[in-house]
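Me: Please show me the structure, then take me through it by question and answer.

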Amino acid sequence: MILAANILLAVGIADLLRTHVRRSVQPIAFGVAAVVLLLLGAASESALPALAGIVVAVGWIFAMPLRRRPRLGLWPAGILAAIAIAAVVWSPRSPALGVIGDSWILIAPTGPVPFGLALLAAGIAVVLLETGNVIVRAALASENAQLPAELSSTEPSTVQTSSEDAMTGDTAPGSPAPVPTAPASGFRGGRLIGPLERILVLMLTLVAAYPLLAAMLAAKGIVRFPEISRDRKSGAGAEYFLVGSLVSWVTALGGAFLLWWAASTGMPR
């Protein structure tokens, strides 16, 4: 459990930093985050899992670029999921978690929450924020899913990369085509709706509120129906919506499964 928690936490933090921190200070931010994770690992007698999480996060950043089509498609996401599942299901028990484990006290309505389980929940929550968006964009890119022109007005600025991207090499000659995304139209609510949707799916699944979960997913389809119905010729709008939504929901449900499995063991790992 501790290994999976450290890996997911490192990957999620890495995606948050490279998305929301300026490129000029990203090396400093990554360094600080790595030091914090290592200190947290040392205090919980899990320095090696913390180091493994940092290594996996570095590989994730190179395998899943933000502004280029991933060369490996969705394979890195599948590998990350497999590693996390294996770490939760087959990782050896390690009830002694150092200074943090000795002083950790967290009481939930269902009873005491071990530190390892709390750390895993934090890692899953962080992954569902920006990493979930990275996975969805990779899925849309691998399927060449794009909104058709009649569903939105594409401005030239939405398909051009910034000069900062060009200087960093994200648009070097011969590199893969940019990731296809929905054109911007002023308010970029999708980047907020996706994480909120995944967090809600996670929470509703964990508390077994399946009617509310079904209602929320149905409501999203109803809200999007007028937009999708205008695309009666190619069906690209429906494809874009379905691919993005299904991948996002599967990501959230996968996180809920991991947390449920870890909690059902009743022991920190």
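The turns below go through salt bridges, a helix, a buried side chain and two loop residues.

Me: What kind of model is this, and how are residues numbered?
Reply: Residues are numbered from 1 along each chain as its sequence is written, and side-chain values use heavy atoms, with hydrogens and water left out. Local features need pLDDT of at least 70, side-chain atom pairs count only at pLDDT 80 or more, totals for chains, interfaces and linings use all residues, and the model is predicted.

Me: How many salt bridges does the structure hold?
Reply: A salt bridge is a side-chain nitrogen of Lys or Arg within 4 Å of a carboxyl oxygen of Asp or Glu. By that rule, the number held by the structure is 2.

Me: Which residue meets Arg18 in a salt bridge?
Reply: The partner lies in helix H1 (residues 2-20) along with Arg18, 3 residues apart, about one turn of the helix; helices are DSSP runs of H or I with at least four residues, numbered from the N terminus. Both side chains belong to buried residues, buried meaning under 20% relative accessible area, exposed over 50% and partly exposed in between (1.4 Å probe, protein chains only). At 2.7 Å, N to O, the partner of Arg18 is Asp15.

Me: How many residues apart in sequence are the parts tied together by Lys220 and Glu197?
Reply: The side chains of Lys220 and Glu197 meet in a salt bridge at 2.9 Å, N to O. Lys220 lies in helix H10 (residues 210-229) and Glu197 in helix H9 (residues 190-206), so the pair ties together parts whose separation in sequence is 23 residues.

Me: Where does H6 bend?
Reply: Helix H6 covers residues 115-142, and 23 of its 28 residues are buried, so H6 is largely enclosed by the rest of the structure. A bend is the angle between axes fitted to the seven residues ending at a residue and the seven starting there. For H6 this angle is about 50°, at Thr131.

Me: Which residue has its backbone oxygen 2.9 Å from a polar atom of the side chain of Gln26?
Reply: Gln26 is in helix H2 (residues 26-43) and is buried, with a relative accessible area of 11%. The backbone oxygen at 2.9 Å from its side chain belongs to Val21.

Me: Is Glu45 buried or exposed?
Reply: Glu45 lies in the loop between H2 and helix H3 (47-63), and has a positive phi of about 55° although it is not a glycine. At 56% relative accessibility, Glu45 counts as exposed.

Me: What is the relative accessibility of Ala208?
Reply: Ala208 is found in the loop between H9 and H10, with a positive phi near 60°. Ala208 counts as partly exposed, at a relative accessibility of 42%.

Terms used: Helix = DSSP H or I, 4+ residues; strand = E, 2+ residues; numbered from the N terminus. Polar contact = N/O pair within 3.5 Å; in protein donor to acceptor, adjacent residues only side chain to side chain. Expected span 1.5 Å × (residues − 1).
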